[in-house]
Amino acid sequence: VAGTSDISFYNGAGAHTLQDTTSCKAPVLEPSDKYLLLYDEGGTSYAIYTTIACVRTGETESAIQCADMSDIGIYALASHSRESKYVVTLYTPSFREIARYYRDTYVTDVAVSRNGKQLAILSVDSENSDLRGILTVCEIGTESTVDIQLGEQLPLAVSYLADGTLAVVS
C-alpha cells in the first residue's frame with residue numbers, strides 16, 4: 001500500500017512486513033515477480049523495493065511520466081527531456097544506466113518484457129490535429145528498434161503478457 005508519505009508491505013497472511021517513508025505527491029506502483037518500483041508521477045523521485053528492504057532510491061532530471069520493472073530487475077523510466085519531448089532511460093538490475101531512447105512524440109506508457117530482452121515504448125503524435133499512435137519495440141542490448149504505426153487513436157497502456165505478446169490499450 002503506497003500513499004503520499006509512506007509505503008507498507010504485507011505478506012499473504014496479512015502481517016505487516018515492511019514500512020518506509022516516501023514523499024510522493026502522486027505515487028504509482030509497478031510490481032514484478034521480485035521487485036516493486038514506486039515512482040512519483042509528475043515528480044522526479046523513485047524507489048525500488050524487495051519484500052524485505054528498499055534497495056534503491058533515485059531522482060531523475062525531470063518529471064517522470066511512466067515507468068516499468070521487469071521480473072529480472074531491468075527497469076525503464078520515461079521522463080521529459082531537454083533534447084526531445086521525452087527520454088526513456090533503461091537501467092540494469094545493478095542500477096546502471098544502459099540505454100536512452102529519445103522520442104519526439106508524447107510517451108504514454110513503457111513496458112519491459114519479463115525476461116528483460118525487449119522494451120516497448122507507446123507514444124502518440126499529433127499531425128494536423130489528428131492523433132497517431134506509435135508502438136516502438138526495442139531489442140535491449142542492440143540498436144534494433146521497430147516502429148509500429150497504430151493509426152488514428154490515443155494509445156493509453158502497453159504491457160507484456162506471460163507468453164511475451166504485447167498488449168496495447170487505446
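Start with the aromatic rings: in this predicted model, the count of aromatic pairs comes to 4. Select Phe-9 and Tyr-49, whose ring centres are 5.4 Å apart and whose planes meet at 50°, so the pair is tilted. This pair links distant parts of the chain, since Phe-9 belongs to strand S1 (residues 6-10) and Tyr-49 to strand S5, 40 residues apart. With a relative accessible area of 14%, Phe-9 is buried, and Tyr-49 also counts as buried, at 1% relative accessibility.

Next, select Tyr-46 and Tyr-75, which form another tilted aromatic pair, with 5.8 Å from centre to centre and 55° between the planes. Tyr-46 lies in strand S5 and Tyr-75 in strand S8, so the pair ties together parts that are 29 residues apart in sequence. Tyr-46 is buried, with a relative accessible area of 5%, and Tyr-75 is buried as well, with a value of 0%. Add Tyr-91 to the selection, and you have a cluster that ring pairs link together from Tyr-46, Tyr-75 and Tyr-91.

Keep Tyr-46 selected and show its surroundings: beyond the residues up to four places away in sequence, Tyr-46 touches a list of residues including Leu-37, Tyr-39, Arg-56, Ile-64, Tyr-75, Leu-77 and Tyr-91.

From here, move to the largest nonpolar core, which has 27 residues, and in which Tyr-46, Val-88, Leu-90, Tyr-101, Val-110, Leu-119 and Ile-121 have the most contacts. Among the strands that each supply at least two residues of this core are strand S4 (36-40), strand S5 (45-49), strand S8 (75-80) and strand S12 (118-127). Apart from it lies another core, of 8 residues, among them Ile-7, Phe-9, Leu-18 and Tyr-49.

Now look for empty space: a search of the whole structure finds 1 cavity of 30 Å³ or more, and about 30 Å³ of space lies in the largest cavity. To see its lining, select Tyr-35, Ile-48, Met-69, Gly-73, Tyr-75, Pro-93 and Phe-95; by class, this lining has 6 nonpolar, 1 polar and no charged residues.

For a last stop, select Ala-111, whose place is in strand S11 (residues 106-112). Is Ala-111 buried or exposed? Its relative accessible area is 1%, so Ala-111 is buried. Leaving out residues up to four places away in sequence, Ala-111 touches Asp-68, Gln-118, Leu-119, Ala-120, Val-158, Ser-159 and Tyr-160. Of these, Tyr-160 is worth displaying with a distance label, as Ala-111 and Tyr-160 are 49 residues apart in sequence and 6.7 Å apart in space, C-alpha to C-alpha.

Terms used: Residues are numbered from 1 along each chain as its sequence is written. This is a predicted model: local features need pLDDT of at least 70, side-chain atom pairs count only at pLDDT 80 or more; totals for chains, interfaces and linings use all residues. Side-chain values use heavy atoms; hydrogens and water are left out. Helices (H or I, at least four residues) and strands (E, at least two) are DSSP runs, numbered from the N terminus. Buried means under 20% relative accessible area, exposed over 50%, partly exposed in between (1.4 Å probe, protein chains only). Contact means heavy atoms within 4.5 Å. A nonpolar core is a set of buried Ala, Val, Leu, Ile, Met, Phe, Trp, Tyr and Cys residues joined through side-chain atoms within 4.5 Å. On a 1 Å grid over the protein atoms alone, a cavity is a set of points where a 1.4 Å probe fits but cannot get out, and a pocket is an open set with protein on both sides within 12 Å along at least five of seven lines; lining residues have an atom within 4 Å of a point. Grid points are joined across faces, edges and corners, and a volume is the space filled by probe spheres set on the points. Ala, Val, Leu, Ile, Met, Phe, Trp, Tyr, Cys and Pro count as nonpolar, Asp, Glu, Lys and Arg as charged, and the others, Gly among them, as polar. Rings of Phe, Tyr and Trp (its six-membered ring) pair if their centres lie within 6.5 Å; planes under 30 degrees apart count as stacked, over 60 as edge-to-face and the rest as tilted.
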